[in-house]
Amino acid sequence: MDADTKESNAMTKAVLWTAKDAEKATGGKATGNWQASGVSIDSRKATKGDLFIALKGPNFDGHKFAQTALESGCAAAMVSDSKSLSNGAPSLVVEDTLDAMVRLGLAGRERSNAKIIAITGSVGKTGTKEALKYVLNEQGETHASPASFNNHWGVPMSLATLAPGAQYGVFEIGMNHPGEISPLVKMVRPSVALITNVVGAHTEFFKDEAEIATAKSEIFDGVDPDGTVILNRDNLHYFALARRAKELGIKNIKCFGTDAMADYRLFEANIVANGSAVRARVGGRDIEYFIGCPGEHWVLNSLAVLACVDAIGGDVLRAAQDLADFTPPAGRGETHILPVPSGDGTYTLIDDAYNANPTSMMAGLSVLSQSKPDGAGRKIAVLGDMRELGDDAVKLHADLHHPLTALGIERVYTVGPLMAALKDTLPGDLHAGHFETAEDAIAPISSAIQAGDVVLIKGSLGIYVSKIVLALKSSGDVASEPATSKN
C-alpha cells in the first residue's frame, strides 16, 4: 500500500454501521437515520462519527456518559435506557448493551471476507499482533484488535469495528481462566490460529502449565478443519497442543522455533544497536532479515509473524523486509532517549511496563543486559510485582536475584508487596530501594538517574509502574532511537 493511499484512507472514514444495519444486527430500535464510522465504549476516547456503546458493569455505567459522547461528536449512542439521552437523540435502544455489542460483532464477522488470524499465548500476544498488523497493512487493508482488546467485551468490540472491505483481520484472544477462549474464538472464526508460547502466567487460576496449555488450545475450537494452526516448536507443550489440534480434525499444523523440525526455523540472531538481525529458514528458503526490536523473544515472535503471513497466502519476503521498520509498541519494550531529570545529558528508558510474568521478566532483563550504557551509565532495573502467580508468587519473585546478578544488572529498584521478597534476597550493593507503590518510587528514581543510564521499567499492569514511565517521559523525548546494544 503506497503512501498516497494510506493518507487518503486516513482522511476518509468509511461508514461502518448505518442505523438500519445496526438495528438489524442487534434486534434493537434505532432513532434517527444516523451513520457511524467507528465504535467506542469510552467517551473520553470516542472520536467524531463513532457509535458509542454504553456498557454497564458492577462499578460503572456508560449511560452516564452517553449524552456527553453525542455532544462531543459521536454519531449515535447504543443504550438500554433512553432516559440517559435528550429527546430525539440519535440512538439504538437495546435490551442489554453488552449482548447487543456481541451481536454487532457477530454481524461484522459474518459480512467480512477478510482472511482472519487469531492469536493467543502466555506471552507475546499483543506484540506479535501489532507486528503482524504492521506487515500485513503494507500488503492490504488490515484490521486488528486495538490495544489488548482480547476479552469478553474486547473481542466483540474488535469484530464490530472490522471494516467490510478489509482484506486481513488480526485478533488477539486472552484468558485468565479455563473456558474463556472457546466462545471468543467461535465469534472470530479464524482461518489461522497462532499460540505464541505457553508458560507459567495466570498460575493462580490453574493447577499447572499443562492446564494452561489445555486452556490455550481452546483457540482451535473456532478454526475450520481446512485452516492452519501455528505453534512454537521449542515449547514444552508443543506435542500436546499439536495432538489436540489433530483431534479436532485440523491437519495443517505448522511450527516455528530453533528446533531442527521447525517449518520456520531460526538459525542465528544477533542483537544489534537498533534491533535484531535474523537468519532463518522461512517457507522452504533461507533468508536474512532485520526486525527493529532488540531481544530474542522478538526474534521468535517475528518467525511466528512470517508463518502467519505464509499461511494466509501473503508475500512472506516482503513481510520479512518490512519488519525492519517495526519497533516495539508502548509498554512492550518501546525505548526513549530522555533528558536526565535532575542533571545534564540523556539516558535511555525501556518501557516494558504493560505486564509481567517470570518468562516476560527474563526477556526484559535480557534486553537490558545486552544494552550498552553511554560513558559511566549503568544498567538499572525498576521491577514491579508479577501478579496472578498463585502459591509460588513469593518464591518466583525472590528467585529473580539469580538472573539479576548473573546478567550484570547494576542497580535494582523494587515496587510492590511481592517484590519485597526480591529485596530480601538481593545483595545490598545491587538493591537500590524498595517502594510499596509506584507513586512512592517516582521521585527517588527520577533523582537517581544519571547521564548514560539505561533504565528498564517492568511489572504487571495492576502495580502501575507505567506511572513511573509517564512521569519520566513528561520531560519529553530527546530522540526516538532505541537503546544501544552490543552483539
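**From one arginine to a six-stranded sheet**

Let's start with a pair of side chains: Arg 233 and Tyr 238 are joined by a polar contact of 3.4 Å. Keep in mind that you're looking at a predicted model.

Where does Arg 233 sit? Look in the loop between strand 14 (228-232) and helix 9 (238-247). Is Arg 233 buried or exposed? Its relative accessible area is 18%, and because buried means under 20%, Arg 233 counts as buried. Leaving aside residues up to four places away in sequence, Arg 233 touches Tyr 238, Phe 239, Cys 255, Phe 256, Asp 259, Met 261 and Ala 262.

Now move along to a sheet. Six strands make it up, in the order 19-20-24-21-22-23, and this sheet is open, with mixed pairing. Strand 19 (334-339) and strand 23 (431-435) are its edges, each pairing on one side only. Ignoring direction, neighbouring strands here are turned by 15° against each other on average.

Zoom in on strand 21 (residues 379-384) and strand 24 (residues 454-458). These two run in the parallel sense, paired over five bridges. If you find Ile 380, you'll see Val 455 of strand 24 standing opposite.

Next, add the helices. Helix 12 (residues 358-370) lies across strand 20 (346-352), strand 21 and strand 24, and runs at about 165° to strand 21. Helix 17 (residues 466-473) packs on the sheet too, and its direction makes about 150° with that of strand 20. Which strands does helix 17 touch? They are strand 19, strand 20, strand 21, strand 22 (411-415) and strand 24.

Technical notes:
Residues are numbered from 1 along each chain as its sequence is written. This is a predicted model: local features need pLDDT of at least 70, side-chain atom pairs count only at pLDDT 80 or more; totals for chains, interfaces and linings use all residues. Side-chain values use heavy atoms; hydrogens and water are left out. Helices (H or I, at least four residues) and strands (E, at least two) are DSSP runs, numbered from the N terminus. Buried means under 20% relative accessible area, exposed over 50%, partly exposed in between (1.4 Å probe, protein chains only). A polar contact is a pair of N or O atoms within 3.5 Å; within protein, one must be able to donate a hydrogen and the other to accept it, and residues adjacent in sequence count only if both atoms are side-chain atoms. Contact means heavy atoms within 4.5 Å. Two strands pair if DSSP finds at least two bridges between them. Axes are lines fitted to C-alpha atoms, for helices over the stretch in contact, and angles run from 0 to 180 degrees between N-to-C directions.
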